[in-house]
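Trainee: I would like to go through this structure and ask how each label is justified. Please set each value against its definition.

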Amino acid sequence: MTVGPSLARTILRVIAGWLFICLMGASAPSRAVQVAVVMSDNSAPYQEVYQAIRVSLDDAGHEVHRFYVDGLTSASLNEARLVVAVGVRAVDLVATLPSRTPVLAVLVPKAWYTKFGRARLSDGGRRSVSAIYLDQPFDRQAKLISMAFPEVRRVGVLLSADQKSVADELEESLRAQRIGLVHATVTEDDRLMMPLEQVLNESDLLLAIPDPLVFSRSTAQSLFLTSYRYRDPVVGYSRSMSRAGALVSIYSTPAQIGRQAAEWIVSALNHPAVRLPSPGHPVYFEVTINDQVARSLGFSLPSEAELEKRLGGRR
Amino acid sequence: MAAAWGIRGRVIGLAVMPVAIVGVLLLFQLISGKIDDLDQSLRMRAIAIARQLAPAAEYGVASGNITVLQTLLEKAAIEPDIRGVAVFTDVGQRLAQVGSGTWDEPIQGTLPPGRIHLVEYPSRLVYYAPITRTEVVVDDYLMVDIPAAETGKRTRLIGWVGLEISRSATIQSQRDAILRSLGILLASLSISLYLAWRIGRQIIRPILALTHTVSRIGEGHLDERVEQTGQAELGMLQRGVNHMAAHLQAMQDQMQEKIDLATARLVYQASHDALTGLINRREFEQRLARALQSAMQQGREHALCYMDLDQFKVINDTCGHAAGDELLLQLSLLLKSKLRERDTLARLGGDEFALLLENCSIQDALEVADTFRSEVQRFRFKWEDRIFAVGMSVGMVAINHESGTAASLLSAADAACYVAKDRGRNQIHLYESRDIDLARHRGEMQWVERIHRALEENRLRLSWQEISRTNGETGDSRHVELLLRMKAEDGTDVLPMAFIPAAERYSIMPTLDSWVIEETLRLCKRYLESKRAQHCLFAVNLSGASLKDPGFRRKLLAHLEDNPAMGPHLCFEITETAAIGNLGVVNEFIDAMREFGCSFALDDFGSGLSSFTYLKHLKVDFLKIDGAFVRDIVKNPIDRSMVEAIHRIGHQMGLQTVAEYVESDQIRAVLLEIGVDFVQGNAVHCPESVESLCD
C-alpha cells in the first residue's frame, strides 16, 4: 500500500503546524506585549467587548490593560503596542493623543467611521488604523431578505439626509438579489409619516437602517404600526427591534465583535510590525425572528439557525 | 289652656324632633354623599375615557391619520354625558372632533404636558389628556456616544385629547335625589307629626280632664269628679284626684257643720247669758228698744222691771262663787217657769235681772212682779247643809209714749230698784219722776265724785276715839280707834255713814283705806318720835276689798319692813262679813302682819251672819260686840244675854271683848257687870282730831 501524495501533504502540514505552534509557545513569553483597551464608558456593551478581547488575549499570553475615556493620558498608552478604541468617544479621544500606536476602532457605525473616524485616527497616515463596523454589510442584509422573503421585489428604506449616499450602495446589493429599492429622505422636522407611507406604498418590505433620525425609541411604535397597517414586514438591525415588531432582525452582539477584534489583534501582533487588516463588517452575527409578527402578517420563514447558516454565519 | 298646649307641644316635639333631626342629618349626608358620588363617578369616568383615548389616539396623531382618529372619537362619543371629544396636535391644531366643544386651552398652548387637565365650568367639565409617544426600544444597547442619538430624546408630547363632559345629567340626578329625599323627609315628618298628635291626644285628653277637674275643685266645686279612664299612672292620678276631692268634700262638710254649730253657739252666746241661759243685757236692750218703739209709735203700754236679789252677796261671799252661781241658776229656772209667753226675762249681770212685760198695764205688771217677788221669797236655797232664804227687790218703770230712751228707762228702773232695796229690801218700787227716795239715791250717787274730790283736795281727816278698859283702869298702854272723817266743801264734817256705802258700792274703799293707813303710820311715827312712856295701840278699819287687794297688802308690808317698830302699835279691825268671805286670804294677811307684831280685832260682831265656827278660825285678839246689842242692853234682857253670850265665848277663846256704842254710864255699868274688857262710845270718849292725840 502506498501513501498518496495528498495524504503526505496533509501529514506534512500537520507537522509544520505543530512545529509552528511549538515555536510560538516557546517564544511567546519573551514576546509578550501590551494591548490597551480604551472604552467610551463602563457600560455593559463595552465591557462585553473588553471581556471577549481579554479572554482571547490572555490565552495568547498578551497583557490587556483597560482604560476609560475619563482620565486617559498619552502616557497611559506608551507601553501598549496596540490600542483598541471601543466606541465613538474612545476613538475621538485616542485620535487626539500624540501616540503613534496602531488603533483598532470597534463598535463604530460604518458611516461615521468612513466620514470622520478614519481621518481623525490616521492623523494623515502617521498612525496605522482599522475598524470593525457596527452595522451588517448590505449584501448580507439583501441576502437575508432574499432568503426569508422570496416574494419581495421592492425594499423600502427611510434615510436621513446624512445617509443619502448609502442608498446607492444598498441598491447595488439588493440588485444582486434582484430586488428593487424604494427610498425616501426624512427631513429634520420630524415628519416621518409622509415619507414612510410613501415608501410603504411602493415597497413590500421596510428595511431599517441604523439612523437615530429615523428609528428611535419614540418613532419606532408609529413606524411599526404604520408598516403593520400596510402589511409590510420590517427587517431590523437588533434583537430589540424583533421584540418591538420587526419580523426578522440581523445583528452582531458586542461579544461577537469583541471575538472578531481579538482574532484581529492576535493576528496583527504576530508580525514584528503590527499590521491591522482593512476595516470591515462583523463576521459573526445572529438572526432573530418574531414569530407572532410572522403569524400576524402571514409569513412563513425558515428557522433562525437555517438562515444564519445559509448566510454563511460562523459559530 | 296654655299648660295643655305646652304638654301637647312638648309631646309632639318629643316625637317629631328626633325624627326631624335624624331625617335632616341623614338627608344631608345622603344628598351630599350622592352628589359627591355622582360627581366623582362622572369625573372618574371622564378621566378613564380620556386616559384610554390618549394612547389610542397616539397613532392617529403621529401618523396624521384623521380617519383613524375620527373613528376612535366616534366610538368614544357614544359614552353617555359626553358632549364632545376632539384631538389636537401638540401645537394646538385640531385634528378631529366629534360633538361640540370650545377647546380654548390646547389652541392657546397653555397646558403643561405630563398629566390630565381639568377645566371646570358650571354645566360641563373639560378634560385634556396629553398624547405622548410610546417608547419602544429598538437598540440592543444604548449608543450613548453616537452623535445623532440625542435627537431621539426630544419631547414626547405629540398632542392632546379634549373631552367635554356634560354635568346636566349629574345636576339633574342631584336635583332628583334632593327632591326625592325631601319628599321622603316631609312624608316621614308628616307621619311622625300625625302619630305624635294621636299619641299626644291620648295623653292629653285625660290630663286636660284632670286639669279641668282640679281647677273646678280649686274653685270650690268639691262635688266635681274626673272620669276614670285608665289603670296606669293616669288612672292612679285620676283615682287620687277623686279620692282627694271626696276627702276634701267630707272635710268641708264636717267643717261646715262645726262652723254652723259654732256660729249658732256664738249667736246664742252673743245674746244669752252663759250661766242661766237667759238673754243677756245686749239682747235685752234691743228688745227693750223695740218695745219702746212700739210704745212710741203705736201707743202701747209695757213695763220694765229691774230686779236685784237680796242676800246674794252674802251667799256668794260665805259659800263661794259656785254657790252664788247655783243660786242664780235655780232662781232663773224658777222665774222662767213663771213667765208668760210674751214676757222677756234677762240677766243683766251679777244678781241683777230685768223683766220686760209687753202689752201690759202697770197694774198687771205690779201683779206679775209681785208674783215673782213672792216666788223668790218662798224659795229656799240649799247649799251643802245650809238653807238660805232669798229676797228680791224690784224697781219698775212704765214704758209708754212719754218714755225717753231705753238707757234712761233702764237707769230709772235701776234707781227704783235701789229705792226698793233702801226701803228694806224684798219689795217693789214703782218709778215715779218726783220720787224723793230716788232723788236721794241720785244724791248719793254724787258721793263717788265727792270722795274723789276730797281725796284730791286733801279734805279727809282722821279722828280718834279712846277704847277704855271697862273698869276705868288706865295701865301702861292705851287703845284708840282712828276714825275717818271728811270735810265738806263748806267746811262741815261729813260722817262715814254718809259716804262709806257709796265708797263700798263703787269700789273706792281700797283708796280710802290706803289713805287711812298712810296717815295712821305717819301718826304712829310721830307718836313714837314723841317718845311717850305709854304704849299706844292704834286701831284702824280695813274693808274686805282692801284685805283682798294684793297691792294694798304689798304696800303695807313694805311700810312695816321699813319701820318694823310700828308693828306692835297697829291693830286692824276687820268686819266678820269681810273675814268670813275670804277666810283663807284674811288668815294669810293676819299671819303676815302678826310677824311684825300687829294685832287684830273682829268688828261689828253679831250684826251680820255671825258664826262662832268662823270665829274659831280667825286669829284675832279682840272681839268687838256690835252696837245694836249694846245700845238697849239696859232695857232689853235679850240684848244683855246676847252680849253676855258673845263675851263668854270670846273669853273662852282667849279674846278680849270690846263693847261699842256705849252712850251712857248705865250701859258701862252693865258691861262692867258682865265683864266685858273694853268699852267704846261717846259716854267713854267723844272722837276728837288726831292732832290732840300727839300733843
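Trainee: What makes the five strands S2-S1-S3-S4-S5 of chain A an open sheet, and what is the sense of the pairing?

Mentor: Strands here are DSSP runs of E of at least two residues, helices are runs of H or I of at least four, and both are numbered from the N terminus. Two strands pair if DSSP finds at least two bridges between them. In chain A, five strands form an open sheet in the order S2-S1-S3-S4-S5, and the pairing is parallel. At the edges are strand S2 (63-68) and strand S5 (129-133) of chain A, each pairing on one side only. From one strand to the next the twist averages 20°. Angles run from 0 to 180 degrees between N-to-C directions, and axes are lines fitted to C-alpha atoms, for helices over the stretch in contact.

The model is predicted: local features need pLDDT of at least 70, side-chain atom pairs count only at pLDDT 80 or more, and totals for chains, interfaces and linings use all residues. Residues are numbered from 1 along each chain as its sequence is written, while chains are lettered from A and ligands numbered from 1 in the order in which they are written.

Trainee: How do you know that strand S3 (residues 82-86) and strand S4 (residues 103-108) of chain A pair?

Mentor: DSSP has to find at least two bridges, and S3 and S4 of chain A have four, in the parallel sense. In S4(A), A:Val106 is the bridge partner of A:Val86, and A:Leu104 is that of A:Val84.

Trainee: Why is S4(A) called largely enclosed?

Mentor: A residue is buried if 20 or more other C-beta atoms lie within 10 Å of its own, exposed if 12 or fewer, and partly exposed in between, with C-beta atoms placed from the backbone. Six of the six residues of S4(A) are buried, so the rest of the structure largely encloses this strand.

Trainee: Which strands does helix H3 (residues 88-96) of chain A lie across?

Mentor: Helix H3 of chain A lies across strand S1 (34-39), S3 and S4 of chain A, and runs at about 140° to S3(A).

Trainee: How do you know that the length of helix H10 (residues 254-269) of chain A agrees with what is expected?

Mentor: The expected span is 1.5 Å times one less than the number of residues. For the 16 residues of H10(A) that gives 22 Å, and the end C-alpha atoms are 22 Å apart, so the two agree. Twelve of the 16 residues are buried, so H10(A) is largely enclosed by the rest of the structure. Among them are A:Trp264, A:Ile265 and A:Leu269. The buried residues of H10(A) pack against S1, helix H2 (44-60), S3, S4 and S5 of chain A. For contacts the rule is that two residues have their C-beta atoms, placed from the backbone, within 7 Å.

Trainee: What makes B:Val586, B:Phe589, B:Ile590 and B:Met593 a group on the same side of H17(B)?

Mentor: These four residues of H17(B) are buried. They cover an arc of only 100° around the axis, which puts them on the same side of H17(B). The arc is that of the directions from the helix axis to the C-beta atoms. On the other side of H17(B), B:Gly584 and B:Asp591 are exposed. An α-helix has 3.6 residues a turn, so residues three or four places apart point the same way.

Trainee: Why is B:Met642 called partly exposed?

Mentor: B:Met642 has 19 C-beta neighbours inside 10 Å, so it counts as partly exposed. B:Met642 is found in helix H20 (residues 637-652) of chain B. Leaving aside neighbours within four places in sequence, B:Met642 is in contact with B:Gly606 and B:Phe629. B:Met642 and B:Phe629 are 13 residues apart in sequence and 7.0 Å apart in space, C-alpha to C-alpha.

Trainee: How many residues does each chain give to the contact between chain B and chain A?

Mentor: Chain B gives 20 residues and chain A gives 26. On the side of chain B that touches chain A, nine are nonpolar, five polar and six charged. Ala, Val, Leu, Ile, Met, Phe, Trp, Tyr, Cys and Pro count as nonpolar, Asp, Glu, Lys and Arg as charged, and the others, Gly among them, as polar.
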